[in-house]
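The following exercises invite a reader new to this structure to work through it one step at a time. Please look over the sequence and the model before turning to the solutions.

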Amino acid sequence: MIKLVTLKEKHELNIVNKIYDFKNPSKIYIPIYTDTTFKMNDYIYKNTYFGDYTTSISGYIKGSKEIIVSNKKITAIEIDNDFKENVSNRKRKKKITSKEDLINILDEYNLKYISNKLKEINNINNIIVVSIDEESYSVKELMRLSHNYPEILETFDFLLNILNLSQGILATKNTNFKSIKNVKSIIGTYPNIKISLLPDKYLISYKEFICEYLNQKKEETLLLTTNEIYAIYNVIKKAKDITEQLITISGNAIKKSLVINIRIGTLLEEVIKEFIEIIDNNYEIYINGYLQGIKISDVSKVIIDRNIDSVIINKMEEDNETECINCGACKKICPFNINVKNCYFDKMKHKNCIGCGLCNYICPAKINLKKVVWGRKYEK
Ligand code: SF4
Ligand code: SF4
């Protein structure tokens with residue numbers, strides 16, 4: 001049963017409708033998970049694939065470093081940017097006339113996180129494109145629709161045709177006034193796309209909840225975000241590898257909140273030095289929001305990749321956890337009615353927990369319940 005919550009924000013987002021670019025990092029770091037062989041001073045072309053990562057610059061390998069990805073320590077190779085943008089050449093299939101062609105081309109461009117969504121559903125009967133961010137301090141989906149609505153609609157229409165579907169749904173928040181107006185100005189060209197306006201509530205963008213809200217069968221629905229649709233657009237129309245990620249940086253310890261398009265593999269530390277004016281040196285940093293994300297202690301070990309949507313730089317707050325008062329609020333707010341308090345005190349994870357963080361948000365004793373019940377840190 002759907003449970004949606006209106007959250008009280010901890011800080012104002014105040015984002016201007018502009019996407020900044022950080023295209024010239026001095027170096028990037030690429031995690032090495034497999035037995036890839038590489039040597040110091042090997043030359044790496046832009047768009048080289050290392051597992052799920054695609055190199056976003058060209059240059060020589062100059063070392064390695066331990067970084068943190070999804071809360072795990074991983075060795076990453078360090079590539080010094082030669083600013084030449086030398087690209088490796090690949091032959092790619094061009095014509096796409098079926099679901100299989102689309103899957104193949106997404107795999108060829110190292111976009112398995114999108115192609116897997118197509119592979120998982122045998123019988124796709126509906127597509128929902130969602131322009132709503134999972135957490136309150138990220139606006140990458142809103143911004144993508146606002147800046148690229150013609151490309152989003154064109155690609156959405158293309159997908160509907162490839163999959164032989166007569167109609168799809170573009171879902172956005174009912175407060176996203178500017179984009180709604182823009183989309184409505186051209187949506188008449190696409191009679192097969194319907195716009196649905198959803199309430200501005202936490203968790204509405206989760207597949208389970210959005211399908212229930214829009215009365216669609218989850219197992220027959222392909223849910224794509226606006227950034228995923230834009231990635232498909234770049235692959236099929238521009239033959240372009242996806243080497244950048246939109247990140248929202250906000251918080252009450254910085255002068256101005258920004259949305260920045262950043263090369264994958266760039267160190268968060270370099271981004272902050274280049275773009276962010278810190279106004280209170282006693283700050284703490286969260287990746288991916290207070291509810292779903294984690295607090296980090298070392299920005300020199302975090303790289304930008306597709307698992308990172310937002311960075312919050314806030315004035316330090318004291319953790320003043322107290323004793324459980326048995327109020328029952330954690331169970332009441334949990335979207336899956338998990339008996340969160342019992343799981344926490346029995347030190348048990350729960351298989352239905354999605355790590356939404358609502359139990360932590362509501363707990364008056366400020367107990368980190370999610371840490372035990374979910375048992376994982378940020379990972380998408
Ligand atoms: S984090 Fe898990 S246990 Fe807590 S409210 Fe969300 S789903 Fe429920
Ligand atoms: S919300 Fe916190 S204080 Fe209330 S029952 Fe749950 S753990 Fe205890």
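Contact here means heavy atoms within 4.5 Å. The structure is a predicted model, and the exercises below should be read with that in mind.

**Exercise 1.** List the buried residues of helix H1 and find which helices are included in what covers them.

*Solution.* Begin with the helix itself, which runs over residues 99–108 and has as its buried residues Lys99, Asp101, Leu102, Ile103, Ile105 and Leu106. Next, turn to what covers these buried residues of H1, which includes helix H2 (112–120), helix H3 (140–162) and H6. Finally, follow the chain just past the end of H1, where Asn110 takes a positive phi of about 65 degrees.

**Exercise 2.** Decide whether Thr226 is buried or exposed, and list what it touches.

*Solution.* First place the residue: Thr226 belongs to helix H6, which spans residues 226–238. Buried means under 20% relative accessible area. Thr226 has a relative accessibility of 0%, and therefore counts as buried. Setting aside residues up to four places away in sequence, Thr226 touches Val129, Val130, Ser131, Glu141, Arg144, Leu145 and Ile152.

**Exercise 3.** Classify Asp52 as buried or exposed, and locate it along the chain.

*Solution.* Asp52 lies in the loop between strand E4 (49–50) and strand E5 (53–54). The cut-off for exposed is over 50%, and Asp52 counts as exposed because its relative accessibility is 56%. Although Asp52 and Asp305 are 253 residues apart along the chain, their C-alpha atoms are separated by 9.9 Å.

**Exercise 4.** Sort the residues of strand E1 by face, and identify the bridge partner of Tyr20 in E13.

*Solution.* In a regular strand the side chains alternate between the two faces of the sheet. Strand E1, residues 19–22, has a covered face made up of Tyr20 and Phe22, while Ile19 and Asp21 form the uncovered one. E1 pairs in the parallel sense with strand E13 (residues 258–263) over four bridges, and Tyr20 has Ile260 as its bridge partner in E13.

**Exercise 5.** Describe the surroundings of ligand 1 and of ligand 2 by residue class.

*Solution.* Start with ligand 1, whose surrounding residues include Cys334, Cys353, Cys356, Cys359 and Lys370. Helix H10 (358–362) and helix H11 (369–373) are the elements that give two or more residues to this shell around ligand 1. By class, the shell around ligand 1 has nine nonpolar, two polar and one charged residues. Then take ligand 2, where the surrounding residues include Cys324, Cys327, Cys330, Lys341 and Cys363. The shell around ligand 2 has seven nonpolar, two polar and one charged residues.

Notes. Residues numbered from 1 in each chain as written. Chains lettered and ligands numbered in written order. Predicted model: local features only at pLDDT ≥ 70, side-chain atom pairs only at ≥ 80, totals over all residues. Heavy atoms only, no water. Near = heavy atom within 4 Å. Nonpolar A, V, L, I, M, F, W, Y, C, P; charged D, E, K, R; others polar. Buried < 20%, exposed > 50% of the residue type's maximum accessible area, 1.4 Å probe, protein only. Pairing = 2+ DSSP bridges.
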